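I opened this notebook to record what I looked up in the structure, going from the ligand sites to the backbone and then to the helix packing.

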Amino acid sequence: MSTGLGVRSDGPKEQSFIDPESGERIVQMGDLKFPPRKVWMKTFGCQMNYHDSERILAHLADLNFTPTEEVEDADLALFNTCAVRDLSNNKFYSQLGELKHIKKEKGKDFVIGVGGCVAQVEGKQLIKKYGHLDFAFGTDVIDTINDMVFRTYAGDSKFAVNSWDRSEDFSIETKVAHGTPQAFVNIIKGCNKYCSYCIVPYTRGKERSRLKSEVIKDIRKLVEYQGIQEVMLLGQNVNSYGKDNGESLAELIMELENINGLELLRYTTSHPYDVSDELIAVHGTAKKLSRHLHLPVQSGSATVLDRMLREYTPEHYLGLLEKLRKAKPDIVLSTDIIVGFPNETDEEFQATIDLLDKAQYDFIYSYAFSPRAKTKAAVMEDNLTDDIRGARLRHVQQHQLKIQEKIRAKLVGQTHRVLVEDFGAMGGVKKWKGRTNCNRIVHFRPENDQVDFQWHWVDLKITQATALSCQGELVRDYGKSAPSSFMH
Ligand code: SAM
Ligand code: SF4
C-alpha cells in the first residue's frame, strides 16, 4: 500500500489522542499506546545517510518520539551506518558496544536498532553477535521504521529486515525538519556503476529514479508550504537521474528554475561518465543552480582508473572541467580522491598529484583505499602497506592545501551572498557561519551580538581567507526572505 511516504506495510497505523488524566498526547498504533518518548540517533557517512536519518526521525515523530542529544535520556537508540570505509565502520562498532551498560540498566525500556548500509549487508549477523541489539534494518525499508519499532514494543525483538523494495518505481514525498529553509530531496536511489572498490551498489541496490513530474510537484510544495528556499538534489549517482524513464537531470534543473521562491539548487554526487553536454550547458544557463560542482575523479592515473572500472580517462575528465569552466567561468570545483588503490605505483600516485595541479580544485575529500567485502578490488593483488597509504594520503592533502590556499587568497575583498546556518565558538568568540552560492563556508561576527541571524540572507565581504576557512564582515542583512535582486 502506498502512503505517499514510500512503501509501508498494511499493518496498524498511528492515531493520536490527548490522555484526559495526564494531558499528554498519546499515539495509538494497533493495540499499543505510545506515550511521549525520546529517540537518540547517530549517523555515519554521506549526505544520503543524513537525509535518511532526517526521514526516519520525521516518521518517528508520528509515533510520539522526539529527538534527544543524550543517549542516557533516550528510550530508543538508533544508528544509521556507513559501510564505505573501515573507519566509520569501526566507530560504529565501538559506539554500539558502549550502549551495553545502558541496556543492562534499563532492559526492555531501552530499545536499540541499527540501520543503513552495514545493516543492509550484515543485519542478521549483527543481531546474532550483539546480544543487546533489538533490531536491524536495511537501506530500502526506512519508510517502515514505525512498523519495526511497533514490533519491538509488541515484544518481538531480535529481528533483521533487509529486504529490497523490488518495485520498478521510486516514489516518495520529501520530509523536512521544521524551521529550516534547506531541504535534501532524493531523486534517484541505488547505483549501477560497480566501481571495483565500492560497496554502494551492494548496500543501496540498483538505480531507480523518481518521475520528474513527481519531483517538481514535491519541491513546489516544499517551497509553497514549508518555506524551503534551497534544495539539494540527492543520489549516489545523481547525474544518471531519469535514464530509466527517458528523462534527465538537465531537464529537471531547467524546469525547477521556474518555481517562484526557490532560490538555490545544488546536486550531489556525480559520476564523470554521466556528465552530458546538455548538463554542462545548463551550468551556463540555469540562474538558480549553484556555482559549485563536486565531481569525484578518484585518481589521476589512466591505469588506476581502468582498474577502478571508472569508464573514463584523466584526459576525458580534464576535458569535462574545461568545458564546465567555459560554460560557467567562475564555477568552483571539488573532488574525491582515493590513494593507495591496490598495487598503485609511485608513477601512478604522482599522476594524481599532477591532476590536482591541472584541475585546481577548491577542496577535495581524500581517502586511503579500504578493501570492502564483495567488491572486486578487495581480492586484487596488493603490495602496498598501510604506512605507504598513510604517507600518500598526507602527501595528497598537503599538496592540495597549497593549491587551495592560493585559490582562496583571491577571495579577499569580494562580497558574497550567504544563507546563515548557525553559530559556533571560534577561539572563544561567537561567530555565525553560512555557505556561499559556491559552497564555501564564511564565518562572521556582527557588531550587534544580540541579533539572531539563523536563516538570514546576508552579504559578507571576505576579509581573510586561508586554505581552510574564510572570515567576512557583514555588509547587509536581508532577513529571512531572499532579496528579489538575487545575487549569484
Ligand atoms: N558516487 C560517487 C562517485 O561516483 O564518485 C561516490 C560515492 S562514495 C559513497 C563516496 C566516496 O567514498 C567515493 O567518491 C570514494 O572516493 C570513497 N570510497 C568509496 N569506496 C571506497 C573504498 N573502498 N576505499 C576508500 N574510499 C572509498
Ligand atoms: Fe560507488 Fe559512486 Fe562508483 Fe556507484 S558510481 S559504485 S556509488 S563510487
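The entries below follow the order in which I went through the predicted model.

**Entry 1, ligand 1.** I began by asking which residues come nearest to ligand 1. The surroundings hold 17 residues, and the nearest of them are Arg 85, Gln 236, Gln 298, Asp 336 and Ser 370. I then looked up individual polar contacts, and found an N or O atom in the side chain of Arg 85 at 2.8 Å from an oxygen atom of the ligand. For Gln 298 I noted a polar side-chain atom at 2.7 Å from an oxygen atom of ligand 1, whereas at Ser 370 it is a polar backbone atom that lies 2.8 Å from a nitrogen atom of ligand 1. As for cover, ligand 1 taken alone exposes 560 Å², and the protein buries 93% of that area. I also checked which elements give two or more residues to the shell, and these are strand E16 (332-339) and strand E17 (363-368). Sorted by class, the shell around ligand 1 consists of eight nonpolar, five polar and four charged residues.

**Entry 2, ligand 2.** For the other site I listed the residues around ligand 2, which are Cys 191, Lys 193, Tyr 194, Cys 195, Tyr 197, Cys 198, Val 200, Pro 201, His 271 and Arg 310. By class I have seven nonpolar residues, one polar and two charged in this shell.

**Entry 3, backbone.** Before going through the backbone I reminded myself that most residues other than glycine have a negative phi, and that most peptide bonds are trans. Where does a cis peptide bond occur? I found one joining Thr 268 and Thr 269, with omega at about 5 degrees, and I placed Thr 269 in the loop between strand E14 (264-268) and H9. I also noted Glu 311, a residue other than glycine whose phi is positive, near 65 degrees. Glu 311 belongs to the loop between helix H10 (302-307) and helix H11 (314-327).

**Entry 4, helix packing.** I recorded the angle and the distance between axes for each pair, since two packed helices are described by these two values. Helix H8 (residues 249-256) packs on helix H9 (residues 277-285) at an angle of about 25 degrees, and their axes are 8 Å apart. This angle makes H8 roughly parallel to H9 because angles under 35 degrees are counted that way. The crossing in which H8 passes H9 is left-handed.

Next I took helix H12 (residues 346-359) and helix H13 (residues 386-409), which pack at about 20 degrees with their axes 10 Å apart. H12 and H13 are therefore also entered as roughly parallel to each other, and I noted their crossing as right-handed.

Finally, how do helix H1 (residues 47-61) and helix H5 (residues 145-153) cross, and within what distance do their axes come? The axes of H1 and H5 come within 9 Å and cross at roughly 60 degrees, which means that H1 is oblique to H5. I closed the entry by noting that H1 passes H5 in a right-handed crossing.

Definitions and conventions: Residues numbered from 1 in each chain as written. Chains lettered and ligands numbered in written order. Predicted model: local features only at pLDDT ≥ 70, side-chain atom pairs only at ≥ 80, totals over all residues. Heavy atoms only, no water. Near = heavy atom within 4 Å. Polar contact = N/O pair within 3.5 Å; in protein donor to acceptor, adjacent residues only side chain to side chain. Areas by Shrake-Rupley, 256 points an atom, 1.4 Å probe, with all protein chains shown as cover. Helix = DSSP H or I, 4+ residues; strand = E, 2+ residues; numbered from the N terminus. Nonpolar A, V, L, I, M, F, W, Y, C, P; charged D, E, K, R; others polar. Axes fitted to C-alpha atoms, helices over the stretch in contact; angles between N-to-C directions. Parallel < 35°, antiparallel > 145°, perpendicular 65-115°, else oblique. Left-handed = near helix turned anticlockwise from the far one by under 90°.
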